[in-house]
Amino acid sequence: MSEKAIEIYGLTKSYGKKRGVRDISLVVEKGDVFGFLGPNGAGKSTTIRCLLGMLHFEAGEISILGRRTGEAQREILRNIGYMPSEVMFYPSMTAEKVIKLAADLRGMDCGTEAARLCDRLLVDGKKRISELSLGNRKKVSIVCAMQHKPALLILDEPTSGLDPLMQEAFFELLMEANHAGATCFLSSHVLTEVRQYCKHAAVIRDGSLVRVDTVESLSKSTLRKVKLSGVSGAPALSGIEEVRKEQGGVSFSYSGDMQKLLTAILALSPKDVLIEEPSLEEMFMQFYEKGEEKNGVVSA
Amino acid sequence: MVLFLHECKLNRKSLLVWALCVGVLCFACLLLYDSLADSMGDVSEMFSDMGAFSAALGMDKVNIGTLEGYYAVEIAIMLSLGGGLFAAMTGSALVAKEEEGHTSEFLNTMPLSRTGILLAKYAAMALLIFLFELITLFCVLAGFSCMGEMPHMANLLRYHGAAFLMQLEIGSICFLLSAICRKKPTGAALGLTIFFYMLDLLLRVVPALEFAKYITPFYFANAADIFSENAANIPLLGTGAGDCATFLAAALLLYGRRDIAG
């Protein structure tokens, strides 16, 4: 039995002249909670739709739970719970009928689990889909994705539209599913979510993977945010960027040898010094702006 | 089976509205025959001798001065055209509505093959068309019964059988369009149905267009032909059935190869 939940090798997909994704390679281990980060249009949804067999790709290979996509698509989909970013169901149906339909299409009786999930997420099953807000449709979608206890959950921006209480309830359910053995592949814009819940993450930009690593490693870097008081300018040192003059001092970011930075700062005799790690958000922006092209298979 | 039943349920209101509108209209028109009967006797001879006009509507073959002739010429037009438009609307919506309504990500991520999805939807379309034909047939029989005069039953069933195949062929073409479009091709589907109907009228008047009888399914579902010849055109019915299979196969092939949008 494969220990990999998702294996993508050299995935390339384009839409005519429009860019899709280019040479994406990543591996997600079973039991992982994997974050997939990127700005709008970066290729997150394209990658996910390739995983689900909705898009045909020009090059590459995808295996899910040890099976190649296309060859055993029905079996793969049987073990996946998917929640799209733009959730929509048949407008004339009630929420409970949609949830029942999803279970019936899977040929399963998920009544007990569906009731438990609806109870936790406060889903009003009697309301028609056309009467539900995006947030409430998302809750229905969470139930549809989780009620059959899939081995792999693929969630495309799952918390957009959910209020903070429901976001918390959703992540509780997600963590419970993960502890029960499910692998979670979570596409998100919300970095705090990724930092809080994911073990590994990949950053995608302009259709290419920028970096795949543990969330802990992604947060760590040689990049530092520096603030000096009582000086009129930044030290003359390579690796210094984003210099901003502030009242009574200067701030800048620095990436490089720390000894050289300290020596250069001491030479300026500042009144006060603040050196801090950048936030994940700032790291995220750095990846987007600079982009570190990766080659070969990137394993989380 | 689940998807088949789901589609049938989603389309049941549309079926009832269309079938009852067409059926009740036909029923009412049959009841009107009595008030028209006196004048019908006078005009039937005139109508049967109006050259191209008579040929186009089949009035040179049956006598509209009789209830059966009146049905074959006047009522059958409403049945055929109404049924054709219903089949076009249904077939054109079945697949494309998923992408247009953003439900494709729900349906296409269920453990169903694309072939399975299309076959379930096609079977639902065939059943809806069959039920349409059954409801309208019931309304027609009720109309004849109220008039106290029943038509040649075998011919009536032959016509409704041919009309079912005609609608299935139009539905199949529109189903194929639906399988390759991201938005419901309703306009194209309705336009195509009207075009086929007009082509049937024209080919009966213009000899050079005779080849078009292999193109328009309205030709083999002509009530005047069936009632005058006491037979359906079996070779053309066979061609129609073959066309349905071909359009379905093309839909399966193209839908299986294309990308599904969210």
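**Exercise 1. Find which share of the contacts in chain B, between residues at least 6 apart in sequence, joins residues at least 24 apart, and characterise the overall build of chain B.**

Among contacts in chain B between residues at least 6 apart in sequence, the share that joins residues at least 24 apart is 79%, where two residues are in contact if their C-beta atoms, placed from the backbone, lie within 7 Å. The model is a predicted one, in which local features need pLDDT of at least 70 and side-chain atom pairs count only at pLDDT 80 or more, while totals for chains, interfaces and linings use all residues. Residues are numbered from 1 along each chain as its sequence is written, and chains are lettered from A and ligands numbered from 1 in the order in which they are written.

Next come the elements: chain B has eleven helices and zero strands, where helices (H or I, at least four residues) and strands (E, at least two) are DSSP runs numbered from the N terminus. The C-alpha atoms of chain B fill a box of roughly 65 × 40 × 30 Å along the principal axes. Its radius of gyration, taken over C-alpha atoms, is compared with the globule rule of 2.2 Å times the number of residues to the power 0.38; because a compact globule of 262 residues would come near 18 Å, the 20 Å of chain B agrees. Finally, 47% of the 262 residues of chain B count as buried, a residue being buried if 20 or more other C-beta atoms lie within 10 Å of its own, exposed if 12 or fewer, and partly exposed in between, with C-beta atoms placed from the backbone.

**Exercise 2. Describe chain A in the terms used for chain B, beginning with its helices and strands.**

Chain A has ten helices and 15 strands, and its C-alpha atoms fill a box of roughly 75 × 40 × 40 Å along the principal axes. Buried residues account for 40% of the 300 residues in chain A. Of the contacts in chain A between residues at least 6 apart in sequence, 72% join residues at least 24 apart.

**Exercise 3. Determine the strand order of the open four-stranded sheet of chain A, and state how S11(A) is joined to S14(A).**

The order is S12-S13-S11-S14 (chain A), with antiparallel pairing, two strands being paired if DSSP finds at least two bridges between them. Strand S12 (240-246) and strand S14 (272-276) of chain A are the edge strands, each pairing on one side only. Neighbouring strands of this sheet are turned by 15° against each other on average, direction ignored; axes here are lines fitted to C-alpha atoms, for helices over the stretch in contact, and angles run from 0 to 180 degrees between N-to-C directions.

Strand S11 (residues 223-229) of chain A runs antiparallel to S14(A), to which five bridges join it. Val226(A) stands opposite Ile275(A) in S14(A), and Lys225(A) stands opposite Glu276(A) in S14(A). Seven bridges join S11(A) to strand S13 (residues 249-255) of chain A, again antiparallel, with Val250(A) in S13(A) as the bridge partner of Leu228(A).

**Exercise 4. Work out how H4(A) and H5(A) are arranged, and which strands H5(A) touches.**

The axes of helix H4 (residues 111-121) and helix H5 (residues 134-146) of chain A come within 10 Å and cross at roughly 150°. Angles under 35 degrees count as roughly parallel, over 145 as roughly antiparallel, 65 to 115 as roughly perpendicular and the rest as oblique; H4(A) and H5(A) are therefore roughly antiparallel to each other. Ala114(A), Leu117(A), Cys118(A) and Leu121(A) in H4(A) meet Lys139(A), Ile142(A), Val143(A) and Met146(A) in H5(A).

The sheet on which H5(A) packs is open, with six strands in the order S6-S7-S8-S3-S9-S10 (chain A) and mixed pairing. Four bridges join S6(A) to strand S7 (residues 152-156) of chain A, and these two run parallel. H5(A) touches S6 and S7 of chain A, and its direction makes about 170° with that of S6(A).

**Exercise 5. Identify what chain B contributes to its contact with chain A, and place Ser113(B).**

In total, 18 residues of chain B are in contact with 21 residues of chain A. Helix H1 (2-10) and H6 of chain B each supply at least two residues of the side that touches chain A, and H1(B) gives the most, with four residues.

Ser113(B) lies in the loop between helix H6 (104-107) and helix H7 (114-147) of chain B. Leaving aside neighbours within four places in sequence, Ser113(B) is in contact with Gln73(A) and Arg74(A). Ser113(B) counts as partly exposed because it has 13 C-beta neighbours inside 10 Å.
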